[in-house]
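Here are a few exercises to work through with the structure open beside you. Try each task yourself before you read the solution.

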There are 2 protein chains.
Amino acid sequence: MTSDNRVKIADIAKRANVSTGTVDRVIHNRGEVAQKTRDKVLAIIKEMDFEPDILASTLASKKTYRFASLIPAATNDSLFWHQPVIGFEKALKQVKHFGVAHQAFSFNYFDKESFKAAWSELLESEPDGIIVAPSFADVSADFIAQTEERGIPVVFINMNVFNLPKLSFVGQDPLRSGMVAAHLLDFGLKQKGRILIVNIMSEKGGNIHLMSREEGFRNYFHGNGFSGKELFTLNIYGNDPTQIDQMLSEVLSPEGAEEKVAGIFVTNSRVFHVADYLKKTGEKHIRLVGYDLLEVNVDHLMNHHIDFLISQNPIGQGFRSFMALFDSMVLKKNIQKYQYLPIDIITRENIDYYINNLTNE
Amino acid sequence: MTSDNRVKIADIAKRANVSTGTVDRVIHNRGEVAQKTRDKVLAIIKEMDFEPDILASTLASKKTYRFASLIPAATNDSLFWHQPVIGFEKALKQVKHFGVAHQAFSFNYFDKESFKAAWSELLESEPDGIIVAPSFADVSADFIAQTEERGIPVVFINMNVFNLPKLSFVGQDPLRSGMVAAHLLDFGLKQKGRILIVNIMSEKGGNIHLMSREEGFRNYFHGNGFSGKELFTLNIYGNDPTQIDQMLSEVLSPEGAEEKVAGIFVTNSRVFHVADYLKKTGEKHIRLVGYDLLEVNVDHLMNHHIDFLISQNPIGQGFRSFMALFDSMVLKKNIQKYQYLPIDIITRENIDYYINNLTNE
DNA sequence: AAAAATTCCGTGTGCGCACACGAAATTAGA
DNA sequence: TCTAATTTCGTGTGCGCACACGGAATTTTT
């Protein structure tokens, strides 16, 4: 019930013939300590394996950590981004006692200017740590320069910009996730057959992600020798249903096609557009794989119009990003620079356990 | 940097014209308070939305929580059980500041007596909370009666015993996981084909799990109408490789078989035995699905002798079980009684992110 | 109505640490 | 050598809460 013999600051102090104040000064590198005594205290700290009591510590120092996040606003075009916020909130709930606060900023996914403006606003709030989805690499570079100068740690969520300094990246490996999709379709299809890769994207750029997924998808087939599958790509810009339908029918309709398409890989969450089309045309033999557990996608999955969805675990991404800042800044832990989240394969049978999952609650 | 206006006990006290001591007494239901003032204080607490500061609270009350775990020892027959311990340790690391300690007990997976003995030893240590894998339901029932009497909360990990009282169950839904396996094989096989279900189990019982998985597997096919698949079961008792090989060959060899078997579902982690056999006989066209990321299984997965593995996320199970006790006892949170973990589908391409995964670190 | 028994309540101390303040020790200046 | 400037250090207070102790208020007993 009550056992404890953790070594505390007072123990160190006694052992070193100094006061607790002095020990405290060396612990926090606050100077005003003679080199000799500093060394002695340091040695004793190590020898006695002293670890400060975080509870007492944060209780005494009324310090507050203010974290700021900057991610796209959740709209019809980017429903995905509603989820990471939930992850932020879960994490916050778990660590708020330690004096952590959170302020959220957002921007228009397709508007570089709004991204820039939000970044500025965020910096003006002078946060102690930042989580950002660096949609526009060039703009991000400018601002990261500033955070570097001010010594504010930054975590990248969902998308990475490799050449920029960062505390950590939290997200998925797009190449690998493309390979997973490829494996699934390969597994489900007969030996031969054409496979269509569909990129539904914005004209305004910021689609590096999709390219990597396609690359991974193609790599899978190349890596596994000739498997009798023929791959071809359809790029669709914008998300006008009518236009999408038309472009799909050109490629899929009997007249247009050479050999019949057996499977389709949509490189992002817009997969529901393709499912809509297949449903509408009564096509039932084309295997379909896409991304993310949007409600529309889940509906199609349950109704057999989508075979597999790959989840990016957006809640987990939010949670992990937040905790990365917390672990690093509050607990002074060392953080893994690349935190690749699992590439979850979702079917009708296991989806219950991935929706609103509490994995990281 | 320093902003805070959380309401504290002193605020309540002042507002109620009583001392902090009195407020403290009502908060902890420690009696010795007139009903009238008790009501008043309670009202004010609610009105001001007071939440005690957990940090200060645990700091002041030198209370210690001792959690005990009881799971099978990790042996060749149950390698799986090495993982939950890692989850326990991760959880402990995260919450040890709150005065949480952990003592591990283990037993022989196949030996009911050792289970009984370990239970007794555990109870003698008078823990404040318990995590147990209730391998033998009848024995567990006896001991659960005792924990109930003493008011010690118990969490069941990995396997559930439905009619026993518990704080929470943490594990997977075996029925559903069987369905997932079925979906995968169904997806990967031509229209027709025989599918073999293999249960490799101990003679000594404790295999309810496997039965449920088989049931789920069969339900999938029944639920989806006649899909042209014929299912049949092979039960193997014991884990002698020679015997396993022989029994498999009887069922799979050209002479023995009526129609060729197209896919095999092994209902637990012993799937490597079947993979060994397939590898040995050079069979490459039989699809194979099984459970758990044991090293031997992972090897077969990487070498294409196993198509999919279903992971039970054992580390996560350990972590969640531990946190269930913590959340309930220390944080006084309400706990979900059934915590079903995701049924993770593992392929060569995504396995990296499930092995030693830090999802819950 | 006074004494005894109960019920109810306020005060004080300490948990382990952070940090301000000022004093002591040391060094520099004259 | 004595004072002034620096460097180095010890002490005290408080963070928000838990809990022991003893005293005040109330009720019961005689």
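**Exercise 1: Around DNA strand C**

In this predicted model, 24 residues surround DNA strand C, and the closest are A:Lys8, A:Ile9, B:Ser19, B:Thr22 and B:Ala34. Your task: work out which part of DNA strand C the protein meets, sugar or phosphate or bases.

*Solution.*

Step 1. Take the atoms of DNA strand C within 4 Å of the protein: 71% of them belong to sugar or phosphate, and the rest to bases.

Step 2. Now look at single contacts. On chain A, a polar backbone atom of A:Ile9 sits 2.7 Å from a phosphate oxygen of the strand. The side chain of A:Asp24 also has an N or O atom 2.9 Å from a phosphate oxygen of DNA strand C.

Step 3. Cross over to chain B, where a polar backbone atom of B:Ala34 is 2.7 Å from a phosphate oxygen of DNA strand C.

Step 4. Find the helices involved. Helix H4 (54–60) of chain A, plus helix H2 (20–27) and helix H4 (54–60) of chain B, each supply at least two residues of this surface. Sorted by class, the surface has ten nonpolar, eight polar and six charged residues.

**Exercise 2: Around DNA strand D**

Find out which residues are closest to DNA strand D, and what A:Arg25 lies 2.9 Å from.

*Solution.*

Step 1. Count the surroundings: there are 25 residues, with A:Ser19, A:Thr22, A:Ala34, B:Lys8 and B:Ile9 the closest.

Step 2. Check A:Arg25: a polar atom of its side chain lies 2.9 Å from a base nitrogen of DNA strand D.

Step 3. Turn to the phosphates. A polar side-chain atom of A:Thr37 is 3.1 Å from a phosphate oxygen of this strand, and a backbone N or O atom of B:Ile9 is 2.7 Å from a phosphate oxygen of DNA strand D.

Step 4. Trace the helices: helix H2 (20–27) and H4 of chain A, together with H4 of chain B, give two or more residues each to the surface near DNA strand D.

**Exercise 3: A helix in chain B**

Helix H9 (residues 208–223) of chain B has 16 residues. Explain why its buried residues line one face.

*Solution.*

Step 1. List the buried residues: B:His209, B:Leu210, B:Arg213, B:Glu214, B:Gly216, B:Phe217, B:Tyr220 and B:Phe221.

Step 2. Look down the axis of H9(B): these buried residues fall within an arc of 155 degrees, so they line one face of the helix.

Step 3. Check the face turned away from the buried side, which carries the exposed residues B:Ile208, B:His222 and B:Gly223.

Step 4. See what covers the buried residues: helix H8 (174–188) and strand S6 (193–201) of chain B are among the elements that do.

Notes. Residues are numbered from 1 along each chain as its sequence is written. Chains are lettered from A and ligands numbered from 1 in the order in which they are written. This is a predicted model: local features need pLDDT of at least 70, side-chain atom pairs count only at pLDDT 80 or more; totals for chains, interfaces and linings use all residues. Side-chain values use heavy atoms; hydrogens and water are left out. Helices (H or I, at least four residues) and strands (E, at least two) are DSSP runs, numbered from the N terminus. The expected span of a helix is 1.5 Å times one less than its number of residues. Buried means under 20% relative accessible area, exposed over 50%, partly exposed in between (1.4 Å probe, protein chains only). The arc is that of the directions from the helix axis to the C-beta atoms. Contact means heavy atoms within 4.5 Å. A residue is near a molecule or strand if one of its heavy atoms lies within 4 Å of it. A polar contact is a pair of N or O atoms within 3.5 Å; within protein, one must be able to donate a hydrogen and the other to accept it, and residues adjacent in sequence count only if both atoms are side-chain atoms. Ala, Val, Leu, Ile, Met, Phe, Trp, Tyr, Cys and Pro count as nonpolar, Asp, Glu, Lys and Arg as charged, and the others, Gly among them, as polar.
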